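Visitor: I have a model open here and would like to go through parts of it with you. Could we begin with how its strands are put together?

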Amino acid sequence: MDGKVKKQKQHQQKHSGPKAEKKKLKKQNGSTEEDERKRNPKAFAVQSAVRMAKTFHRAQDIKTKKHHVPVVDRTPLEPPPIVIVVVGPPKVGKSTLIRCLIKNFTRQKLTDICGPVTIVSGKKRRLTFMECNNDINSMIDLAKVADLVLMLIDASFGFEMETFEFLNICQVHGFPRIMGVLTHLDAFKNNKTLRKTKKNLKHRFWTEVYQGAKLFYLSGMVYGEYQNQEVKNLGRFISVMKFRPLVWQTSHPYILADRIEDLTDPERLRTDPKCDRTVSLYGYLRGTHLKNKGQVHIPGVGDFQMSDANFLPDPCPLPGTQKKRALNEKERLLYAPMAGVGGVVYDKDAVYIDLPANHVKQLQEVRPTTELVQSLIETHVTLDAKMAASKVSLFSGSAGLDPTDISEVQEGLREIHVWDAHTQTQRRKVVFTGLEEEEDDVSGSSSDEDDDGSDQENQEEEDDLSTFLKEVRDKSEKATKGSTPPVKKRKLEEMKGEEEVIAEAPAFADSEDELERGEADSEGEGEAERAGDSGHCSKESEEDSDDEEDGDEDDESMEEEIGADDSDEEEEQGKYHTTHSGTFKWKEGLQQKASAAFLRHQEAAPNLRKLVYGSVVEAEDSEEEEEELGGLFRVNRPQKSKKVQADALDCSHFNPDISHNWELEEMLNSIRDCFVTGQWEEGQDAATLLKEDGKSSGGGAFCSLYSELKSESDEDETDDEDQQVKMDDEEVQKNKRLEKKRRLKERFDTEYDDGDATYFDDLKEEMQKQAELNRAEFEDMDDESRVQYEGFRPGMYVRLEISSLPCEFVTNFDPHYPVIIGGLGTSEGNVGYLQMRLKKHRWYERILKTRDPLILSLGWRRFQTIPLYHIEDHNGRHRLLKYTPQHMHCGASIWGPITPQGTGFLAVQSVSGVKANFRIAATGVVLDLDKSVTIVKKLKLIGYPYKIFQNTCFIKGMFNTVLEVAKFEGASIRTVSGVRGQIKKALSTPPGAFRATFEDRLLMSDIVFLRSWYPVSIPQLYNPVTSLLLPVGQKDSWSGMRTVGQLKHDLGVRNKPSIDSLYKPITRAPRHFNPLHIPKELQKALPFKSKPKLLQPKGKVPRDLKRASVIREPHERKVAELLRALSTVHHYKKKVAQRAHHAKHKEFLQQKEKDEEAKMKRMKDARKKLYRIMGQKDQKKQRSSLKGTPQDD
């Protein structure tokens, strides 16, 4: 073959023929299984009924396992932010991951992660990130409020104990969604080791969470941050993740506080620095509805009563409902007051300005917001003195302007509203008085742009603006004080005609973005401000915000440095754009000016006649129309009007319009026919005319209907209308009958034709209807009224005021530790007896001892108590246990806060420091809430018999008085040897002795005991863990009551055991038994063998009967001595010879063993040689058989 391999022939596919046609049909029509079933039904028939049944059952089991118990969806339309807790051991990358995720969602950087950080991650989702430090108190608290847990694991090190501790905490308090994140993967240099480590960690993580749990890999860091693509993927998973409601969270309201303010009276603090504080806590309400004046628990502090609660505007609102693919930059909100983000915060009763040293500077250049706040902080002179001496200069080196020149400034800049047909938005065009020739140059903001803007067009706008600024600067350097610098104007609602409206600028902007935006829509009241809200604007301004984001930024910052509007406009809304006012007398008549401004704003709304009939009718021209329409109707344009705030200004402070008394019946009748349902002329009904108008013009407009009413006067037309109305009525009745039949048929089908619907589907549908009903009940009510009925609903940003908080909570506050306000139920504020089922954790090394203090996490609370462990016997008795059993549940009774049945709890022995071993001591569940279980322990009373009469005995030492004996009359007793008896009657002497009867006669050496059961009382100890009151840096060092063993160890006390418990040698006195006595009559009846043989005692033997002693001769004695010596020598020689023989035999055996070993070795070598030869022969024979028989053979 010359080493060439024969190439296989390629398969040639057929392009024609029956097979090719069949394949073509299969490709065109897809699967032809149905045709095959019809053509050959036997091939698809059931071959085995048993296997078919098994397959069906297995499919149904798999389908049923996926079902969850349906829960009514109580999530509000605007759900609260999702709480994401980042957990892990120290130095594993928690803060870095939070910073990267925040940067991914908001394009902003945070240097220090303090407290909750809330961000807007999408159009319908907000996220709150919280870092969990390495403290078991924080781990327990955050596990109760977490919706999603990001569990960071150091892959280079492996799993650490904190990971498993947090997993066990989550299992007890309701398992949230858990995602693992592997970090430090760049420490692996070998890819094989990396893959193996990933696989091992993944399967161990699946074992603890569930099979298939998501585990992310962060491969490495670039410039101190994780890779953008990996963080983006993680953010996508978080953004689309669904959450199942947890029982405890959905049944209790709770707040993760993101802001804390001390409202205590400063005078009281000065006189008593240690007094209790009044603190207001802010945060998003989660869980269920919260009632005002309710009872709450702050883990780590204690139980408190709410003194007040109200809701505030959302500081981090969701973006508008307009359809967009992504968020623009101004809607990427970040709200983290504890981290120093959000300089100015608006509250119900104050405005808080926070400028810490480590304030996050999101923009490099100095903006008017910072200048304003700094000037407010560092002010030492009154505003009047500043105003009198203030001068405003446009540019550096230009002449200053006195307050008297402000009147001339007011005419420098105005705006007109232009509708842009391309972007479908209303643009604000700037018009400069005296500079009309340059109007085209500065109208770059009117250019056609998309929602996100164009860089090229923004550059053109900046060029136009810079050209204009240079020209203005040249003019201002030549001019004197009479020059008129341009002043910024803002948009308000359009007045009738072409009135010029000058808008206000915010006094204290929520963020720097709000000063930049031209359409910031915020009310004048301080209550209605949204704290830290840079996206709170009207619908129209939301549409314009993207268009003018880049083009107007520099223009606005320039104009904010120039000056402010006139004093009338500033007093109208109560806000300031810069630190200088426009007039000296800005404080005069504030109330009257504000009232006039409010009424002017109310009258600015367009009237109904203008909107409906298209005719411009001024209020001055016809007073009658003003009475009928202008005084009654108020039409607000949603794109022009401001959002209705929950804390809006009470209009009862201003003069109402009382020109019409609408409670009078005459006034109501006078306008009744002005409405659509009224009768406009005789014989004309509104419903008839509307139907006819709908037939003629497809719905018709109100103005055409009005014009037809004026023109119709012929009777023929009226008759035609009546006939048309009758035909319409018949058609309406026919449609009603058909609809009724259809509903009846649907009801019949649902009752008798279930189809494929299962009980689970019906249950889900029922829950869905209930959820829709819940939403629709209060949907049309405003927030104030809804709060009165249902309380504060989840998703609201609420402010809780709590009085009598310990002063240590404020002075020792640390934002790195979570502050949770958990709402309590009606009876959860009480303390009582709890019955629990408890099991010692299998990873905890030591067993638990009864009456040793234990720290429990139950509900919202963490507290120390003394449990009693017991087990239920077969007869229902609850017997006290000294220690918890191994690998088995037992009962536990404690004194603690009342918590609903079925609530899980966990126990730890200490929360101070970091232990080397696993810290979760036990887990369990609450069973009962009363003292129905009586725990008893065994008590043995011991007595001794002192008189015995057959089966009756007198016993002493068991009781002390006759009364005690009387209490135990009839009780069963027994001896150590097992003889049972009963107590009969007490004896007079000695005291405590009694008479008892037994099954058999006792001995004086017997011990009698009475086994009784003694009830045990549960210790009433409830000691809340107040870890948040400890100083900063020591919050993980809380220690409560110590165990007896810890006390003895700390105090150096050695345990003195009881003498009875010591092991000692048992000394028993010898017992002397009486001789056996057999009566003579009985002896006669016995056989001879059993008769006692009583022999007579022998007397002395007489001398003659004694044997004579032999006395040897001297020669005989010598012979005997010689024989004894010879025998001794013989025995010695015999022993020596025997010893020598044994040694020789031993050598012989050793030599024999060596010879045997050599022989075996020779035999082994011979066998090996033989087997080798035989194997070679076999191989040779096999090769020859494969080659074939040689031709010679």
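Guide: A definition comes first: two strands pair if DSSP finds at least two bridges between them. Please also keep in mind that this is a predicted model.

Visitor: Understood. How many bridges join E13 and strand E21, and in which sense do they pair?

Guide: E13 and strand E21 (residues 797-805) are joined by six bridges, in the antiparallel sense. Within this pairing, Asn310 of E13 has Arg799 in E21 as its bridge partner.

Visitor: And what does strand E12 pair with?

Guide: Strand E12 (residues 295-298) pairs with strand E13 (residues 302-312), antiparallel and over four bridges. His297 is placed opposite Asp303 in E13.

Visitor: What about the turn between E12 and E13?

Guide: The two strands form a hairpin with three residues between them, and Gly300 in the turn has a positive phi of about 95 degrees.

Visitor: Let me turn to Thr278. Is it buried or exposed?

Guide: Thr278, in strand E11 (residues 277-286), counts as buried because its relative accessibility is 18%, and the cut-off for buried is under 20%.

Visitor: Which residues is Thr278 in contact with?

Guide: Leaving aside neighbours within four places in sequence, Thr278 contacts Glu261, Asp262, Leu263 and Thr264, together with Glu801, Ile802 and Ser803.

Visitor: New topic: what is the strand order in the open sheet of seven strands?

Guide: The order is E6-E5-E4-E1-E3-E2-E14, and the pairing is mixed. Strand E6 (215-217) and strand E14 (334-335) are the edge strands, each pairing on one side only. Inside the sheet, strand E2 (residues 117-120) and strand E3 (residues 126-131) are antiparallel over four bridges, with Phe129 in E3 as the bridge partner of Val117.

Visitor: Which strands does helix H4 lie across?

Guide: Helix H4 (residues 94-106) lies across strand E1 (82-87), E2, E3, strand E4 (148-154) and E14, and runs at about 160 degrees to E3. Helix H6 (residues 161-172) lies across E1, E4 and strand E5 (177-183), and its angle to E4 is about 160 degrees.

Visitor: Now E33. Which of its side chains are buried?

Guide: The side chains alternate along E33: Ile973 and Thr975 point to one face and are buried, whereas Ser972 and Arg974 point to the other face and are not.

Visitor: And what does E33 pair with?

Guide: E33 runs antiparallel to E34, with three bridges, and Ser972 stands opposite Gln982 in E34. E33 is also antiparallel to strand E36 (residues 1008-1015), with two bridges; there, Thr975 has Val1008 in E36 as its bridge partner.

Visitor: What lies between E33 and E34?

Guide: The two strands form a hairpin with four residues between them, and Gly978 in the turn has a positive phi of about 100 degrees. Val976 is in this loop, between strand E33 (972-975) and strand E34 (980-986). Val976 counts as exposed because its relative accessibility is 58%.

Visitor: Which surface patch includes Val976?

Guide: Val976 joins Ile942, Tyr944 and Ile1007 in a nonpolar surface patch of about 360 Å².

Visitor: Last one: what does Arg879 touch?

Guide: Not counting residues up to four places away in sequence, Arg879 touches Tyr869, His870, Ile871, Asp873, Val936 and Trp1013. Arg879 is in strand E27 (residues 878-880) and is partly exposed, with a relative accessible area of 30%.

How values were computed
Residues numbered from 1 in each chain as written. Predicted model: local features only at pLDDT ≥ 70, side-chain atom pairs only at ≥ 80, totals over all residues. Heavy atoms only, no water. Buried < 20%, exposed > 50% of the residue type's maximum accessible area, 1.4 Å probe, protein only. Contact = heavy atoms within 4.5 Å. Patch = residues over 30% accessible without salt bridge, like charges linked within 9 Å, V, L, I, M, F, W, Y side chains within 5 Å. Areas by Shrake-Rupley, 256 points an atom, 1.4 Å probe, with all protein chains shown as cover. Salt bridge = Lys/Arg side-chain N within 4 Å of Asp/Glu carboxyl O. Axes fitted to C-alpha atoms, helices over the stretch in contact; angles between N-to-C directions.
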